[in-house]
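Trainee: I should be grateful for a close look at the aromatic rings of this structure, and at how they are arranged.

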Amino acid sequence: MKNLALATALTLFAGGSAYAAGFTTFPDGSKVSDWFNEAKPVNVDKLGKKYVVTDYGVVNDSTLLQTKAIQAVIDKAAEAGGGVIVIPEGVYLSGSLFFKPGTHLNVAKGGRLKGSDSITNYEIIDTRLEGQTIKYFAALVNAEGVDGFTISGPGTIDGNGHRFYDEFWLRRKVNPKCTNLEALRPRMFYAAHSKDVTVSGVNMVNSGFWTNHLYDCERVKYVGVTILAPTDGYPKGPSTDAIDLDACSDVLISGCYMNVNDDGVCLKGGKGTWVDTIPGNGPVRRVIVDKCTFGKTNAGVTFGSEAWDCSNVILSNCKFEDTFHVLLFKMRPDTPQKYMNVLVDGARGRVRNGVEVQTWRQFFNKTDRDDMPKSLVENVTVKNVTLDCTREFYRDRKTDDYTLRNFTFENISVTDPSDTFDTSNIQNCKIINVEVNGVPVE
């Protein structure tokens, strides 16, 4: 699986060279800045001095915990004005690491930064998780308030999550309502309150929890990254979301491969009846996911159960390999949600469902609110799509919990064993050149 994933990612990214994607406008008609049209790998030679960790007392030993020694190298670089922390060939075991302004992480060819599988080796900090700010465990790699932070490959960051997976599924047997937070496991990468974050060329595997979580970040790029977690057999990697965008804006995800046991790209920002009044919650704006391949993820892009206000989201020229959904909207009746200006342009492959609007009641907690806005999904365009669906291409349900309005389906050819294409719950739905099982839809 890993070799196949790497080959797929490299093929998509054409060796990691820059290219012009040609995006001009977002779905609301606003201009796409030139920033989105350049996907370049990180050039570590332009980031300052390289601090190869083995030059500073860190040793190649997969069994020796070296959190303090690696952190000391990060601190030394920061004190000297910044530089690149290089993980060379070999395996280096660590708990939570905290990068500082001016510092970067590079995992060289044959290098593996391996996370400890004991939660006691991860610091408890104030952090954002599941739509709230709480005390919880830091990630393996942390960058808070680190503008310009980069992670680059071609080596591997290994979350070493299998013991965390076992523990989670055992808890679920004892308590089927066990939440993610009760399972006590670390994320792989957490960035917060940062601008101009770039991750390129690296392999990110077996995260204990969410793989990448970005909160309150602006101008984020993922370029040619491979993100993997177990999706078959036992134990699967629960909630190993590839990339979670939590109250972020201006994000480009280009030429990446994702195969994880949950969402591929998931939009977040807060949840609950009063979500729009709580400090720290926020919208997601201007996200482009381009030329990516999705394996057995829950969806290419999910408007998640912790999202409430998302707009100008583009999924372009992506391939799906037994993915559950191309596009998934999770609608919480306890949260006022507004999802607008969404474009899927170019999707091919095999999926369970193409587009689904799904009522989501997990951990439901609605309180009284007289002025609670009604949830809305509006201005969604899906075009230039060729899919083999194993359930349905389009799926929703009739409900008073939300309104669906102004959808367009254009230039679509799908197989669909349900042999249905029911858009009757959508107000003002345009159907242009759509075929289901070879039959034109009138």
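Mentor: The following account deals with the aromatic rings and their partners. This is a predicted model, in which local features need pLDDT of at least 70 and side-chain atom pairs count only at pLDDT 80 or more, while totals for chains, interfaces and linings use all residues. Residues are numbered from 1 along each chain as its sequence is written, and side-chain values use heavy atoms, with hydrogens and water left out.

The structure holds 17 aromatic pairs; rings of Phe, Tyr and Trp (its six-membered ring) pair if their centres lie within 6.5 Å, and planes under 30 degrees apart count as stacked, over 60 as edge-to-face and the rest as tilted. One of these pairs joins Phe 26 and Phe 36: the ring centres are 5.5 Å apart and the planes stand at 80 degrees, so the pair is edge-to-face. Phe 26 counts as buried, at 3% relative accessibility, and Phe 36 counts as buried at 2%; buried means under 20% relative accessible area, exposed over 50%, and partly exposed in between (1.4 Å probe, protein chains only).

In the pair of Phe 209 and Trp 210, the centres lie 5.0 Å apart with the planes at 35 degrees, so this pair is tilted. Both Phe 209 and Trp 210 are buried.

One aromatic cluster is formed by Phe 393, Tyr 394, Phe 407, Phe 409 and Phe 421.

Charged residues also meet rings. A charge sits over a ring if NZ of Lys or CZ of Arg is within 6 Å of the ring centre and within 35 degrees of the ring normal. Arg 187 lies over the face of Tyr 190, 4.5 Å from the ring centre, and Lys 221 lies over the face of Trp 35, at 4.6 Å from the ring centre.
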